[in-house]
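Subject: Structure for you to look at, with notes

Dear colleague,

I am handing over the structure below, and I would be grateful if you would read the notes that follow alongside it.

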Amino acid sequence: MSGIPKLRSVSNPSENLSLSVNERILKECHLLYKDPKHGLVSIANQLGLGILAPKKKITVMLMGNHSAGKSSFINWYIEEHIQKTGVATETQGFTFITSGKKRESLTSNVTLHLYPHFQPLEQIEGVTDYLSTEISTSKQKKFNLVTFIDTPGLVDGDMTYEFDVDKALIWLGEQADLILVFFDPMGQALCKRTLNVVEKLNEKHGDKLKFYLSKADEAGHESDRQRVMMQIVQELCKRPGLNKCGFEMPTIYIPDPNKPTRCVNQIQDVCTTIEKTINRTIQNTLNQLEKDCDLIINTAGCQLQESR
C-alpha cells in the first residue's frame with residue numbers, strides 16, 4: 001500500500017543523533033503509527049479497524065508492602081530525589097515517573113491524556129483522584145526508555161483506601177511490561193494483601209513478576225536474612241500458583257558509602273532485568289508492527305474486492 005510510510009528518521013537530525021539505537025527504533029515505530037496523514041492508526045480507522053500505537057517506553061510497576069523501598073529504588077535508579085520516601089510520606093496513590101525535557105509534576109487528567117493506554121483506569125471508582133506524573137530530566141541508566149509506576153504501600157488490617165487498590169494494581173500489572181515485587185524484611189514481608197495481588201497477577205502474567213528482598217542490609221546478620229527469606233518463600237509456596245521451581249529472590253538495598261555492610265547487594269540485577277525487558281519489548285513492537293501492516297493490507301484488499 002502506497003499510503004503506509006517507510007521507516008524514516010525523526011524530523012530533528014541533532015535529536016536523532018543523541019538517541020540510542022533502542023530509543024530510535026521505538027520512536028520511529030511510534031511515528032509510523034501516529035503520523036497524522038499516513039500513520040497506521042489513521043489508515044486503520046478508515047478501514048474500520050482499531051489499532052493502538054506502541055508505547056515509546058517500557059512500563060515497570062513497583063509493588064509491595066508499606067515502606068518496602070519502592071520510592072527509594074526509583075530515586076536511586078534515576079539518581080534524583082523525585083519520590084518522597086519514609087513512613088510519614090508513604091505513597092498513597094499511583095505515580096508515573098518518566099523522563100522528559102523539563103522537570104514537571106502533572107495532575108491526574110493530564111496523566112491520562114499522556115498515557116492513553118491507561119484511560120480504562122477511570123472505570124475504577126476513585127482512582128483518578130490519586131493519579132499523578134513526575135517528569136524528570138534524568139538520563140541515568142536506561143531511564144529514557146522506562147516509565148516507572150510507584151504504587152501505594154500495602155498493609156493488612158484496618159487500613160482503608162479511597163479506591164479498590166487490589167483491582168487497580170491487578171489492572172495496571174496486566175498493562176505493565178515488568179512487575180517488581182519488593183518484600184521488606186522489617187515486619188511486613190508477609191503482608192497477605194501483597195501476596196493476594198501477586199497470586200492473582202501470577203495466574204496470567206507470571207513471566208512479568210520478579211521478586212526481591214529489599215532493604216536487605218537492615219535484616220541483621222546473614223542468618224537473620226536467610227530466616228526472613230525462608231519465611232517469605234514458605235509463605236509464597238503455600239499459594240499453588242506461586243509454588244514453582246527455580247524461584248529466585250535476590251537481596252537488594254540502596255548502596256550507602258557511609259554505611260559499610262557485608263550483605264551481598266544484587267541491585268544491579270534489577271537494572272539488568274529492566275534492560276532485558278527493553279530488548280524484549282523492542283522485538284515485540286517490531287512483531288506487532290508486522291502483524292498490523294498485514295492486517296491493514298489484507299483488510300484493504302478484501303474491501304477493494306467487495307467494492308468491485
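A salt bridge is taken here as a side-chain nitrogen of Lys or Arg within 4 Å of a carboxyl oxygen of Asp or Glu, and a residue counts as buried when its relative accessible area is under 20%. With those cut-offs in hand, Lys 208 is the residue I would bring up at the start: Lys 208 is buried and yet has no salt bridge, since the nearest side chain of opposite charge, that of Asp 177, is 6.4 Å away, and a salt bridge requires a distance within 4 Å. Please keep in mind throughout that this is a predicted model.

Lys 208 is placed in the loop between helix H7 (192–205) and strand E7 (209–213). When neighbours within four places in sequence are left aside, the residues in contact with Lys 208 are Gly 173, Glu 174, Gln 175, Ala 176, Asp 177, Leu 178 and Ile 179.

As for the chain in general, the secondary structure comes to nine helices and seven strands, and 48% of the 308 residues count as buried. Among the contacts with a separation of 6 or more, 75% are made by residues 24 or more positions apart.

Helix H4 (70–78) is mostly covered, with eight of its nine residues buried. The buried residues are Lys 70, Ser 71, Phe 73, Ile 74, Asn 75, Trp 76, Tyr 77 and Ile 78, and the elements they pack against are E1, E2, E4, E5, strand E6 (178–183) and helix H9 (267–307). H4 is followed by Glu 79, whose phi is positive, near 55 degrees, in a residue other than glycine.

Glu 79 lies in the loop between H4 and strand E2 (94–99), and a second residue of interest, Lys 141, lies in the loop between strand E4 (131–136) and strand E5 (146–150). Lys 141 also has a positive phi in a residue other than glycine, near 50 degrees. The side chains of Lys 141 and Glu 79 meet in a salt bridge, at 3.4 Å from N to O, and the pair links distant parts of the chain, the two residues being 62 residues apart. Of the two partners, Glu 79 counts as exposed, at 53% relative accessibility, whereas Lys 141, at 32%, counts as partly exposed.

A search of the whole structure finds six salt bridges, and two others besides the pair just described may be worth your attention. Glu 134 forms a salt bridge with Arg 103, in which the closest N and O atoms are 2.9 Å apart. Because Glu 134 lies in strand E4 and Arg 103 in the loop between E2 and strand E3 (104–106), this pair ties together parts that are 31 residues apart in sequence. Glu 134 is buried, with a relative accessible area of 14%, while Arg 103 is partly exposed, at 39%. Glu 80, Arg 103 and Glu 134 are, moreover, linked in a network of salt bridges.

The other pair is found within a helix, where the side chains of Lys 200 and Glu 203 meet in a salt bridge of 3.9 Å, N to O. Lys 200 and Glu 203 are three residues apart in helix H7, and therefore separated by about one helical turn. Lys 200 is partly exposed, with a relative accessible area of 44%, and Glu 203 counts as exposed, at 56%.

Finally, there is the matter of pockets. The largest pocket has a volume of about 1,100 Å³, and of the 35 residues that line it, the closest to its centre are Lys 56, Lys 57, Thr 98, Ser 99 and Asn 144. The elements that give two or more residues to this lining are helix H1 (13–18), helix H2 (21–34), strand E1 (58–64), E2 and E4, and the largest share, five residues, comes from H2. By residue type, the lining of the largest pocket divides into 14 nonpolar, 12 polar and nine charged residues.

With best regards

Notes
Residues are numbered from 1 along each chain as its sequence is written. This is a predicted model: local features need pLDDT of at least 70, side-chain atom pairs count only at pLDDT 80 or more; totals for chains, interfaces and linings use all residues. Side-chain values use heavy atoms; hydrogens and water are left out. Helices (H or I, at least four residues) and strands (E, at least two) are DSSP runs, numbered from the N terminus. Buried means under 20% relative accessible area, exposed over 50%, partly exposed in between (1.4 Å probe, protein chains only). Lys and Arg count as positive and Asp and Glu as negative; His and the chain ends are not counted. Contact means heavy atoms within 4.5 Å. On a 1 Å grid over the protein atoms alone, a cavity is a set of points where a 1.4 Å probe fits but cannot get out, and a pocket is an open set with protein on both sides within 12 Å along at least five of seven lines; lining residues have an atom within 4 Å of a point. Grid points are joined across faces, edges and corners, and a volume is the space filled by probe spheres set on the points. Ala, Val, Leu, Ile, Met, Phe, Trp, Tyr, Cys and Pro count as nonpolar, Asp, Glu, Lys and Arg as charged, and the others, Gly among them, as polar.
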